Amino acid sequence: MSGLSDYSSQPSLRLSGRASLEMDLNLYLQRIGITELTPCFSTPSLSALREIHRCHLFSVPFESLSIHIGEKIILDTLWIYQKIVLRKRGGFCFENNGLFLWVLQELGYQPQVLSAKVRNSFTCVFGPPFDHMILTVELEGRRWLCDVGFGDGIRDPFPLEAGWEEEQDSGVFRLRVEAEEWYLERKEDNDQWRSLYKFTLEERRFEDFREMCDYHQTSPRSLFVCKSLCSLQLPGGRLTYIGRKLISTEYTKGGGSVKTNEELREEEIPDMLREKFGIVLSKKLVPKDEMLAPYDKD
């Protein structure tokens, strides 16, 4: 196995451009718990992609806490790197997948950015265009969906093939296609399929999500505005904080799950965030768990 010092010295994997002066790929890898690297990291491979994808999900929370401490989220790769890597925070999809986009580019992959519309689990309505950002990568003769910015989604890269169904340790997922729209769906406890989000294969740019990044910080239709939340994938489940509640989810075989809830006092929340999620906030958090206004267009 190679150490990080060996990894950074490999010419084909050195950082380049403006980011190389201000962002360190080794620090990102340490942030997600990769301190020893196997030879598969020297060139793009499916095994390396799977390891990075999974390690990111187990290390970086999916969270909206910035909105509830008065901190503006900026759609800028350097700002996101400083928040997630240096300040040990998490973020919502534009932050997590935005950083992952940079990581994949630096590792020699050629990721493409796609736009998705999330089906809100509270209103059951799909969001507006550019509601969610996802990535795809072509490897080993197949195209793979990557998403480290969705709280209840895939853990491993998912084959971008119509009708593909796969059980991962976080649930059973499939891709369904209608016309030109692809639906990522998750099997529920009652064996019914629930759409998580839908997307097209039209390539986008990271900058295209700037307006929706602002929207999700200000709109009463945004889940992130209406709920202070933080969620982290665990080996056998998921831990989620919302408002004044801590929810522990244990995954069971076949796509099922068992949940337990714990009520929190407001003064307990900062210690809980530090102990459970590794997050220390710079300002006072205002807990929030309100219903959101539905988006009236599909």
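Two strands count as paired if DSSP finds at least two bridges between them. With that in hand, hello everyone, and one reminder before the tour: what we have here is a predicted model.

Let me start with the hairpins towards the end of the numbering. In β15, Glu 263 is the bridge partner of Lys 245. That pair belongs to a ladder of eight bridges, which joins β14 to β15, residues 256-263, with the two running antiparallel. Three residues sit between those strands in the hairpin, and Gly 254 there has a positive phi near 90°. On to the other partner of β14: six bridges connect β13, residues 237-242, with β14, residues 245-252, again antiparallel. If you want one pair to look up, Arg 238 has Thr 249 as its bridge partner in β14. This hairpin has two residues between its strands, and Gly 243 takes a positive phi near 60°.

Now to the eight-stranded sheet. In what order do the strands of the open sheet run? The order is β7-β6-β5-β4-β11-β10-β9-β8, and the pairing is antiparallel. The edges are β7, residues 158-159, and β8; each has a single partner strand, so one side of each has no neighbour in the sheet. Helix α4, residues 46-59, packs on this sheet, where it touches β5 (132-139) and β6 (142-146). Its direction makes about 10° with that of β6.

Let's walk along part of that order, beginning at the β7 edge. β6 and β7 pair over two bridges in the antiparallel sense, and Leu 145 is found opposite Phe 158 in β7. On the other side, five bridges link β5 to antiparallel β6, with Val 137 partnered by Trp 144 in β6. The two strands make a hairpin with two residues in between, and in that turn Glu 140 shows a positive phi of about 55°. How enclosed is β6? Four of its five residues are buried, so β6 is largely enclosed by the rest of the structure.

Next comes β4. Five bridges tie β4 to β5, running antiparallel, and in β5 the partner of Leu 114 is Ile 134. Towards β11, residues 193-199, strand β4, residues 112-118, pairs over three bridges, antiparallel once more. Along that pairing, Ala 116 faces Phe 199 of β11, and Lys 117 is opposite Lys 198. Six of the seven residues of β4 are buried, so this strand too is largely enclosed by the rest of the structure.

What lies across β4, β5 and β6? That is helix α6, residues 93-106, which runs at about 25° to β5. The helix has 14 residues and spans 20 Å from first C-alpha to last, close to the 20 Å expected at 1.5 Å a residue. Is α6 mostly covered or mostly open? Mostly covered, with 13 of its 14 residues buried. After the helix comes Gly 108, whose phi is positive, near 95°.

The N-terminal residue of that range brings me to the cysteines. Cys 93 is buried, at 4% relative accessible area, and Cys 230 is buried as well, at 0%. How many disulfides are there? The count is zero. For Cys 93, the closest cysteine sulfur belongs to Cys 213 and is 8.4 Å away; with a cut-off of 2.5 Å for a disulfide, that is too far for a bond.

Let me finish at the other edge of the sheet, with Gln 168. This residue is in strand β8, residues 165-168. Buried or exposed, then? Gln 168 has a relative accessibility of 5%, and because buried means under 20%, it counts as buried. Its side chain makes a polar contact of 2.9 Å with the side chain of Glu 166. Beyond its neighbours within four places in sequence, Gln 168 is in contact with Ile 154, Arg 155, Asp 156, Pro 157, Phe 158 and Phe 173. Phe 158 in that list may ring a bell: we met it in β7, opposite Leu 145.

That's the tour, and thank you for listening.

Conventions
Residues are numbered from 1 along each chain as its sequence is written. This is a predicted model: local features need pLDDT of at least 70, side-chain atom pairs count only at pLDDT 80 or more; totals for chains, interfaces and linings use all residues. Side-chain values use heavy atoms; hydrogens and water are left out. Buried means under 20% relative accessible area, exposed over 50%, partly exposed in between (1.4 Å probe, protein chains only). A polar contact is a pair of N or O atoms within 3.5 Å; within protein, one must be able to donate a hydrogen and the other to accept it, and residues adjacent in sequence count only if both atoms are side-chain atoms. Contact means heavy atoms within 4.5 Å. Axes are lines fitted to C-alpha atoms, for helices over the stretch in contact, and angles run from 0 to 180 degrees between N-to-C directions. The expected span of a helix is 1.5 Å times one less than its number of residues.
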